[in-house]
Every structure is written in C-alpha cells, then in structure tokens.
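Here is a friendly walk through one protein chain, from its overall fold down to a handful of single residues. Have the viewer open as you read.

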Amino acid sequence: MNELDQARQSINQLNAALVKLLEERFTAVTQVNYYKEEHHLPVLDPQRETAVLKQVEAAVADPQKAPFIAAVFQEIMHQSRAYEEALRKDE
C-alpha cells in the first residue's frame with residue numbers, strides 16, 4: 001500500500017468515526033429541540049452559535065486549520081437548525 005492509499009484509508013476510518021459522532025450530535029439536537037419547543041424558544045440562538053465557534057477555534061491546535069474547522073462547524077450548525085425545523089414540521 002502506498003502513502004496515498006494509507007492516507008485515504010485513514011480518512012475513511014476518520015469519516016466513519018465522524019458519522020457516528022454526528023449521529024450522536026443530532027440525537028442531542030433532538031433533545032435541545034424538544035426543550036426549545038416546550039419553552040417556546042426559536043431554533044436559532046445566535047449567542048450560542050458564536051460561543052460554540054469560539055470554543056471550536058480555541059480547541060484547534062494548529063491555527064492555520066482553525067478557520068477551516070470553524071467553517072465546518074458553521075455548516076454543522078446550519079444543518080442542525082435545518083434538522084430542528086424539519087422536526088417541528090413533522091409534529
């Protein structure tokens with residue numbers, strides 16, 4: 001196996017782990033959504049999203065990667081909001 005194949009195998013393993021973690025995250029999003037609905041709170045909480053992005057950027061060891069990882073988390077939060085909205089339509 002050459003270096004490219006090894007790197008791709010590593011990416012495949014990481015992708016599988018990320019999928020599992022994202023599924024867990026969306027389960028937590030479901031719980032958050034139920035709470036928000038019970039308390040008549042909106043899907044979007046801009047202050048929370050800003051805080052999450054700051055935590056993410058602070059957790060990144062390599063500053064060059066921080067803006068790219070933050071962008072991934074922005075998309076994750078965007079999709080989480082879309083999921084919450086879909087949950088609300090289903091009810």
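From the N terminus on, the elements follow the order α-α-α. That makes 3 helices and 0 strands in the chain. Please keep in mind that this is a predicted model.

**Overall dimensions**

Let us begin with the chain as a whole. Its radius of gyration is 16 Å, whereas a compact globule of 91 residues would have a value near 12 Å. Along the principal axes, the C-alpha atoms fill a box of roughly 55 × 30 × 15 Å. One pair of residues gives a feel for distances within that box: A82 and E3 lie 79 residues apart along the chain, and their C-alpha atoms are separated by 38 Å.

Of the 91 residues in the chain, 20% are buried. The accessible surface amounts to about 7,200 Å², and carbon and sulfur atoms account for 58% of that area. As for charge, the chain carries 10 positive and 15 negative charges, and the mean positions of the two sets are 3 Å apart.

Contacts are worth a look too. Taking those in the chain between residues at least 6 apart in sequence, 67% join residues that are at least 24 apart.

**The nonpolar core**

Which residues make up the largest nonpolar core? There are 5 in all: V52, L53, V56, A70 and M77. Two elements, α2 (46-59) and α3 (66-90), each give two or more residues to this core. Helix α2 provides the largest share, with 3 residues.

Helix α2 is also the place of T50. With a relative accessible area of 42%, T50 falls between the cut-offs of 20% and 50%, so this residue is partly exposed. In space, the C-alpha atom of T50 is 9.5 Å from that of Q74, and the two residues are 24 apart in sequence.

**Three neighbours in sequence on α3**

Helix α3 contains S80, R81 and A82. How buried or exposed is each of them? The table sets out their relative accessibilities.

| Residue | Relative accessibility | Class |
|---|---|---|
| S80 | 5% | buried |
| R81 | 19% | buried |
| A82 | 33% | partly exposed |

Buried means under 20% relative accessible area, so R81 with its 19% still counts as buried. A82, at 33%, counts as partly exposed.

The contacts of the two buried residues are listed here without residues up to four places away in sequence. On that basis, S80 touches R25, F26 and V29. R81, by the same rule, touches V43, L44 and E49.

**A loop residue with a positive phi**

Where is H40 found? This residue sits in the loop between α1 (3-38) and α2. Most residues other than glycine have a negative phi. H40 is not a glycine, yet its phi is positive, at about 55°. H40 has a relative accessible area of 73%, which is over the 50% cut-off, and therefore H40 is exposed.

**To recap**

The chain consists of 3 helices and no strands, with a radius of gyration of 16 Å. Its largest nonpolar core draws two or more residues from each of α2 and α3. In the loop between α1 and α2 you will find H40, with its positive phi of about 55°.

Conventions. Residues are numbered from 1 along each chain as its sequence is written. This is a predicted model: local features need pLDDT of at least 70, side-chain atom pairs count only at pLDDT 80 or more; totals for chains, interfaces and linings use all residues. Side-chain values use heavy atoms; hydrogens and water are left out. A nonpolar core is a set of buried Ala, Val, Leu, Ile, Met, Phe, Trp, Tyr and Cys residues joined through side-chain atoms within 4.5 Å. Buried means under 20% relative accessible area, exposed over 50%, partly exposed in between (1.4 Å probe, protein chains only). Helices (H or I, at least four residues) and strands (E, at least two) are DSSP runs, numbered from the N terminus. The radius of gyration is taken over C-alpha atoms; the globule rule is 2.2 Å times the number of residues to the power 0.38. Contact means heavy atoms within 4.5 Å. Accessible areas come from the Shrake-Rupley method with a 1.4 Å probe; for residues, only the protein chains shown count as cover. Lys and Arg count as positive and Asp and Glu as negative; His and the chain ends are not counted. The place of a charge is taken as NZ of Lys, CZ of Arg, CG of Asp or CD of Glu.
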